[in-house]
Amino acid sequence: MKLPELFEFSPAAAPSQHTSSRRRFLCGCGACGLAISAAGLAQLAAATRAEAAAGGTVLTVGHLPAGCVQHLLLAKARGLFQKAGLNVVLNQFNGPSESLQALVADKLDLIHGPWTTTVAAYAEGTRNLRIVGGSGKAGIELVARKGSVKNVQEFLAAAGKGLRVGTLRLDTLELVGYGTMSKGGKSYADYKMTFFPSMVGMGEALSSGAVDVCTLAQPYAETVVRASGGTYIADSNSVWGPEAADCVVTTREATAKAKADAIRTYLRVLSESAQALAANYEAAWDDLQPIYGAPRPILAAALRRQVPNPVISPVGVQGLRTGVKFLIELGYFKDVSIDSVLDLKLQPA
């Protein structure tokens, strides 16, 4: 199996020595593992036309084709935004840096994406970014191939023995791997590290035996585990949890002020949709399966592991603080606090 270009890690080279542009490139290369189908896109577009015809307040929203927006897609499919007086125009992006660039350029009002992308951009000088709500949690996984380590204890015990570990740079995916090491008193120097340009490349490498352990996001992680007989050994809940946000809703400070009422309504609808999903998963999967276009068993298993997180709780905030500490340990920045980026007054109680 041909694998994509890899980046080998030398323990002597700290992340802080990498250039800013390379960080941004690697951050934006995290491909999502579950694309929305053509039929799903058509269905969502029809819902947008209905919202526009009803005269709803327009919000332009960027998102990734991932499990962390399942409640967003469900709300769209069920007409919940139209009922709330909103016209939510969805824009799908293949990588988080692409959607963030569109937000910064004032082409979008909101984006759903990894919190690490927002914090990194804030640290590099884009100080008008604000995280206003949550999107998904618990969906970032540390996965071992069949025949390799079976749990965290074995993973830590394999330090210094040539265990091959793959991840992405400056991403929630990196944190679930590095955070597991750090909490166990280990570091990258204890493993044979490979930094990939895409998550899909890591899944292929795990399946082919090119790496022993890698970090994956749902729902692609479930696809890899089922296809290769892999094992989940840790997730974001166990690393920076227990209410470990992986994706969040980000906007610009000016937008949060100018469109406060519309954003407040949007976040409320997301919360209601998440509650409806939790109350009846089977009915939700009936609506979501045509949109995602994935086999129902994989979709159901993956979306149960990466659940909606529309409201970031105080416990969740503390988890984000823990995650930022890992980024500081890795040398990406020195003095950024997640509290400087958070503005949660618009999210529902």
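Which residue stands opposite Glu141 in S10? In this predicted model, the residue opposite Glu141 is Asp235. The two belong to a pair of strands, S6 (residues 140-144) and S10 (residues 231-235), which pair in the antiparallel sense over four bridges. Strand S6 has a further partner in strand S9 (residues 213-217), and this pairing is also antiparallel, with five bridges. Within it, Val143 stands opposite Cys214 of S9.

The surroundings of S6 deserve attention. Five of the five residues of S6 are buried, so the strand is largely enclosed by the rest of the structure. Its side chains divide into two sets: Ile140, Leu142 and Ala144 point one way, while Glu141 and Val143 point the other way, and all are buried. The term is used here for a relative accessible area under 20%. Ahead of this strand, Ala138 is found in the loop between strand S5 (129-137) and S6. Ala138 has a positive phi, near 70°, although it is a residue other than glycine. With a relative accessible area of 6%, Ala138 counts as buried, because the limit is 20%.

The discussion now turns to an open sheet. Six strands form this sheet in the order S3-S2-S4-S11-S5-S12, and their pairing is mixed. Strand S3 (86-92) and strand S12 (307-308) stand at the edges; each has a single partner strand, so one side of each is left without a neighbour in the sheet. Further in, strand S2 (residues 57-63) and S4 pair in the parallel sense over two bridges. In one of the pairs between these strands, Gly62 has Ile111 of S4 as its bridge partner.

Ile111 also helps to line an enclosed space. Rolling a probe the size of a water molecule over the atoms shows where empty space is left. The count in this model comes to two cavities of 30 Å³ or more, and the second largest has a volume of about 40 Å³. Residues lining the second largest cavity include Pro96, Leu100, Ile111, His112, Thr118 and Thr250. The elements that give two or more residues to this lining are helix H5 (96-104), strand S4 (110-114) and helix H6 (115-123). Strand S4 supplies the largest share, four residues. By class, the lining consists of four nonpolar, six polar and no charged residues.

Two parts of this lining can be followed further. Thr250 lies in strand S11 (residues 245-252). With a relative accessibility of 1%, Thr250 counts as buried. The side chain of Thr250 is joined to that of Thr118 by a polar contact of 2.8 Å. In helix H5, the buried residues are Pro96, Ser97, Ser99, Leu100, Ala102 and Leu103. An α-helix has 3.6 residues a turn, so residues three or four places apart point the same way. Just after H5, Asp106 takes a positive phi of about 65°.

Another part of the chain shows how two parallel strands are connected. Strand S7 (residues 164-167) and strand S8 (residues 192-195) run parallel and are joined by four bridges. Thr167 stands opposite Phe195 in S8. Between S7 and S8 the chain passes through helix H8 (residues 172-183), and this β-α-β crossover is right-handed. On the way, Leu170 occupies a place in the loop between S7 and H8. Leu170 has a phi near 50°, a positive value in a residue other than glycine, and Leu170 is buried, with a relative accessible area of 4%.

Beyond S8, Pro197 lies in the loop that leads to helix H9 (199-208). Pro197 is buried, with a relative accessible area of 16%. The C-alpha atoms of Pro197 and Leu168 are separated by 6.6 Å, while the two residues are 29 residues apart along the chain.

Two further prolines are notable for their peptide bonds. The bond from Gln218 to Pro219 is cis, with omega near 5°, and Pro219 is placed in the loop between S9 and helix H10 (220-228). The bond from Gly241 to Pro242 is likewise cis, with omega near 10°. Pro242 lies in the loop between helix H11 (236-240) and S11, the strand that also holds Thr250.

Conventions:
Residues numbered from 1 in each chain as written. Predicted model: local features only at pLDDT ≥ 70, side-chain atom pairs only at ≥ 80, totals over all residues. Heavy atoms only, no water. Pairing = 2+ DSSP bridges. Right-handed = clockwise from strand over helix to strand, strands pointing away. 1 Å grid on protein atoms, 1.4 Å probe; cavity = no way out; pocket = protein on both sides within 12 Å on 5 of 7 lines; lining within 4 Å. Points joined across faces, edges and corners; volume = space filled by probe spheres on them. Nonpolar A, V, L, I, M, F, W, Y, C, P; charged D, E, K, R; others polar. Buried < 20%, exposed > 50% of the residue type's maximum accessible area, 1.4 Å probe, protein only. Polar contact = N/O pair within 3.5 Å; in protein donor to acceptor, adjacent residues only side chain to side chain.
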